[in-house]
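Here's a friendly walk through one protein model, for someone meeting it for the first time. Have the picture open and follow along.

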Amino acid sequence: MQAWRVHRNGEPSEVMRREEVDRPTPGDGQLLIKVRAANINFPDALLCRGHYQVRPPLPFTPGVEVCGETEDGRRVIATPALPHGGLAEYVVADEAAVLPAPDALDDAEAAALHIGYQTGWFGLHRRAALKEGETLLVHAASGGVGSAAVQLGKAAGAKVIGVVGGAGKAEVARELGCDVVIDRRGDDIVAAVKEATGGRGADVIYDPVGGDAYAKSAKCVAFEGRIVVVGFASGDIPAPALNHALVKNYSIMGLHWGLYNQKDPEAIRRCHDTLTEYAAKGLIKPLISDRVAFEGAAAAVQRVADGTTTGRLVVLPAAPAAPAVTEGAAR
């Protein structure tokens, strides 16, 4: 089968190579899945660079999220078992963690549902207890993680403020349903949030960026507000001033969604049922900005690494080789 593999750590466009490899063999409690679509996540770029918390042995195939088909014909979503990641024609995944793909979503959309929307739901509801009528501030609102949080915030009845970088991304955030859009390249984030909330600030802040985004969050979070830290796409891990949290009465919450797979897997399944229901009602729909041919996978991972994308990039499986045409058949 065809697969993209990484033999040394570095930038995705430099270290990912398309190769012919053997199909992975499922172990006990695992399933072989034919990939129908593979969603690219920022962790795929970190895996290539060797900066992710999980470091699979070299060589490995990136791709932590797929929609595929089991050998008995079921359409499913799965997080492949590394080192056999999703940027391949086949993957293996732990059967206990394989979930049915929602009928309301096509393959690319289903491939982009699991990690981003589960992270958003657990962050907003389980950690921050977002309430109807509250104000939610989402950093990187037009990106893959941020766009999921925007849709989930609107589904919860919150007023959503989206922070983006650039006019094009601002337009995407408006189309997603943000009530207020702030362009960090030209707007004063703190002043704009206070103006939009009558001086109160944001009740819940969803931060997949870190760095300066977190610093701005601490200045515009409301009394008894909650800042949910879900990642550090900026590459800068902030050091919060806890005395500031004390005098202003706000909470700083971390979210490592993957821990729920270990600590409370039943919660993952309940969340999936909720997301499936939301998708059927049209409350959520992953924003797919590009459906990438298999041969373009390395460039697509690099685009995500560079932070130039909106929504999700999804890689479609390799096209089967055309059958050889004999002279007789050509007649």
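## A helix tucked inside

The residues of helix 12 that count as buried are A297, A298, A300, V301, Q302, V304 and A305. Keep in mind that this is a predicted model. Helix 12 covers residues 297-306, and seven of its 10 residues are buried, so the rest of the structure largely encloses it.

What do those buried residues pack against? Their neighbours are strand 1 (2-6), helix 1 (12-15), strand 2 (16-20), helix 2 (42-49), strand 14 (288-292) and strand 15 (312-315). Right after helix 12 comes G307, which has a positive phi, near 70°.

## Two threonines, two settings

Follow the chain on from helix 12 and you get to T310, in the loop that leads to strand 15. Is T310 buried or exposed? Its relative accessible area is 18%, and the cut-off for buried is under 20%, so T310 is buried. Leaving out residues up to four places away in sequence, T310 touches S142, K169, V172 and S289.

Now look at T25, in the loop between strand 2 and strand 3 (30-39). T25 has a relative accessible area of 68%, which makes it exposed. With residues up to four places away in sequence left out again, T25 touches Q30 and V92. If you want a sense of scale, try T25 and Q151: they are 126 residues apart in sequence, and their C-alpha atoms are 38 Å apart in space.

## The parallel sheet

Next, find the open sheet made of six strands, which run in the order 10-9-8-11-12-13 with parallel pairing. At its edges are strand 10 (180-183) and strand 13 (251-254), each of which pairs on one side only. Going from one strand to the next, the twist averages 20°. As a bit of background, strands of a sheet pair through backbone hydrogen bonds, and can do so in parallel or antiparallel fashion.

Let's zoom in on one pair. Strand 8 (residues 135-139) and strand 11 (residues 202-207) run parallel and are joined by three bridges. V138 has Y206 in strand 11 as its bridge partner. Helix 5 (residues 144-155) packs on this sheet, where it touches strand 8, strand 9 (159-164) and strand 11. The direction of helix 5 makes about 170° with that of strand 8.

## Helix 4 and its two partners

Helix 4 (residues 114-127) is a good one to trace, starting with how it meets helix 5. The axes of helix 4 and helix 5 come within 8 Å and cross at roughly 50°, so the two helices are oblique to each other. The crossing of helix 4 past helix 5 is right-handed. On the helix 4 side you'll find G116, Y117, G120, W121 and L124, which meet A148, A149, Q151, L152 and G153 of helix 5. Sorted by class, this contact has six nonpolar, four polar and no charged residues.

The other partner is helix 11 (residues 265-281), which packs with helix 4 at an angle of about 105°, with the axes 10 Å apart. That angle makes helix 4 roughly perpendicular to helix 11. Here H114, Y117, Q118, W121, F122 and R126 of helix 4 meet A267, I268, R270, C271, H272, T274, L275 and Y278 of helix 11. By class, the contact between helix 4 and helix 11 has eight nonpolar, four polar and two charged residues.

## Backbone oddities

A general rule first: most residues other than glycine have a negative phi, and most peptide bonds are trans. Where do we find cis bonds here? One joins L58 and P59, with omega about -10°, and P59 is in the loop between helix 2 and strand 4 (66-70). Another runs from L82 to P83, with omega near 20°. P83 belongs to the loop between strand 5 (75-78) and strand 6 (90-94).

As for phi, A140 is not a glycine, yet its phi is positive, about 55°. A140 is in the loop between strand 8 and helix 5, and it is partly exposed, with a relative accessible area of 34%. E224, also not a glycine, has a positive phi of about 60°. You'll find E224 in strand 12 (residues 221-229).

How values were computed. Residues are numbered from 1 along each chain as its sequence is written. This is a predicted model: local features need pLDDT of at least 70, side-chain atom pairs count only at pLDDT 80 or more; totals for chains, interfaces and linings use all residues. Side-chain values use heavy atoms; hydrogens and water are left out. Two strands pair if DSSP finds at least two bridges between them. Helices (H or I, at least four residues) and strands (E, at least two) are DSSP runs, numbered from the N terminus. Axes are lines fitted to C-alpha atoms, for helices over the stretch in contact, and angles run from 0 to 180 degrees between N-to-C directions. Contact means heavy atoms within 4.5 Å. Buried means under 20% relative accessible area, exposed over 50%, partly exposed in between (1.4 Å probe, protein chains only). Angles under 35 degrees count as roughly parallel, over 145 as roughly antiparallel, 65 to 115 as roughly perpendicular and the rest as oblique. A crossing is left-handed if the near helix is turned anticlockwise from the far one by less than a right angle, and right-handed if clockwise. Ala, Val, Leu, Ile, Met, Phe, Trp, Tyr, Cys and Pro count as nonpolar, Asp, Glu, Lys and Arg as charged, and the others, Gly among them, as polar.
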